[in-house]
Amino acid sequence: MNYDTFANLLFSRVRRADVTLALVIINAIIFALLVAMSRNAMQIPSDLLIRAGGNFAPLVQKGELWRLFSALFLHGGLLHVGLNMFALYQAGQVVERLFGRLGFLVIYVGAGLLGNLASLWWKQGSVSVGASGAIFGVYGALLAYLLLQRGSVPGEVFREMRSGTLGFIGYSLFAGFSLPGIDNAAHLGGLAGGMILGLAFAEPVVSSRPVRWLSPRALGGVLVLVALGLTLWQQTPEVVRRYQADSAYQQTLQRFILDEQELLREQAALMDSLRQRRLTEAAALEVLEHDFLPRWERLINQLSGATAPAPSEWQRQELVAYASTRRDAVKALAQAFETRQMVWVERSRALQVQADNILLQMRLRHSVEAGAR
């Protein structure tokens, strides 16, 4: 078979690669929306990617399985989406014509889902996005076709396709292992998925149908892909409970910060009212004993009962000590109002200084740990 005959047969199957073009356009539109929301084309924030549907293990394991699909259409920056769409446009036009529109779409989505499951299995702590797994699947299907249907492709075309496909796969995997932030698990999972479906679907280019959907080979390939995906899902470590516990602790911490700041403001206002004689000591004592002290006790109990992630346990313990010291300072001040003895005033001041020192030491430790990371 010569080149012209091969090209004519391809274009007779699919005149225009509409699915490839549609995928490129959809990805570009979604990326433009993310840029408009973040106002940063070079790097989309992780929290926005999670809200938009990124592949984030705690939420996927919580039941949001749709993220395995939606993450295929999200990208972290202009370079990310640009390289992916260039690779998709190049390979997609050939693979769509080899396998037909429906076959190409099944390969793209199936390989992309398997890639995202592999990413989930390999690493659960960060959000994963991008069409890379699906695109690796497209190249994997092309490589499978060249291996299985070599006689359908003219020699010079075969050599050109083989070198281009192997070059893309090899360079991309090398970059993934060499550079940080590249999800090679999704690449390898997508590549495997594309090769499985490519071997299952590949038909000679002279065949009347690009894919024989009810053939044992096609059905077997789909079943193998599904079985591999289920295995990856079952073997993925569960992190949803840890994530929920971490979220609960962060909410407790935020409430503590807000309530603590409000208490300190009210205490400062009370002392100012005393100095300006707008408030009697008896009235101040009433506020201390029946308002401020119970509120400090509640803050201490909330933090004491919270479960902090292991790296933050020291912080929780220090905040309990801080709140307890603040409470004791209020107790000493109330004792001063009752007894009118200066020793309790000095005791209250010393405890306030001690509380400030606890906060200072916490900030210093946090800065040292952040610098070490």
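By class, how many nonpolar, polar and charged residues does the lining of the second largest pocket have? In this predicted model, the lining has 16 nonpolar, five polar and seven charged residues.

The second largest pocket has a volume of about 630 Å³. Its lining comprises 28 residues, and those closest to the pocket centre are Met271, Leu274, Arg275, Leu333 and Phe337. Four helices each give two or more residues to this lining: H11 (240-275), H12 (281-305), H13 (313-339) and H14 (342-372). Helix H11 gives the most, with seven residues.

Two of these helices, H13 and H14, are also joined by a salt bridge between Arg326 and Asp356, with the closest N and O atoms 2.7 Å apart. Arg326 belongs to H13 and Asp356 to H14, so the contact ties together parts that are 30 residues apart in sequence. Arg326 counts as buried because its relative accessibility is 10%, under the 20% limit. Asp356, in contrast, is partly exposed, with a relative accessible area of 40%.

A second salt bridge involving H13 pairs Arg316 with Glu313, at 2.6 Å from N to O. These two residues are three apart in helix H13, so about one helical turn separates them. Arg316 is buried at 12% relative accessibility, whereas Glu313, at 23%, is partly exposed.

Another salt bridge within a helix is found in H3 (residues 46-52), where Asp47 and Arg51 are four residues apart and therefore separated by about one helical turn. Their closest N and O atoms are 3.5 Å apart. Here Asp47 is partly exposed, with a relative accessible area of 46%, and Arg51 is exposed at 57%.

The structure holds 18 salt bridges. Some charged side chains form a network rather than a single pair: Arg16, Asp18, Glu96 and Arg101 are linked by salt bridges in this way.

The surface also has a nonpolar feature. Leu21, Ile25, Ile29, Leu33 and Tyr89 make a nonpolar patch of about 470 Å². Helix H2 (residues 18-38) supplies the largest share of this patch, four residues. One of the patch residues, Leu33, lies in helix H2. Leu33 counts as exposed because its relative accessibility is 52%, and the exposed class begins over 50%.

Terms used:
Residues numbered from 1 in each chain as written. Predicted model: local features only at pLDDT ≥ 70, side-chain atom pairs only at ≥ 80, totals over all residues. Heavy atoms only, no water. Patch = residues over 30% accessible without salt bridge, like charges linked within 9 Å, V, L, I, M, F, W, Y side chains within 5 Å. Areas by Shrake-Rupley, 256 points an atom, 1.4 Å probe, with all protein chains shown as cover. Salt bridge = Lys/Arg side-chain N within 4 Å of Asp/Glu carboxyl O. Buried < 20%, exposed > 50% of the residue type's maximum accessible area, 1.4 Å probe, protein only. 1 Å grid on protein atoms, 1.4 Å probe; cavity = no way out; pocket = protein on both sides within 12 Å on 5 of 7 lines; lining within 4 Å. Points joined across faces, edges and corners; volume = space filled by probe spheres on them. Nonpolar A, V, L, I, M, F, W, Y, C, P; charged D, E, K, R; others polar.
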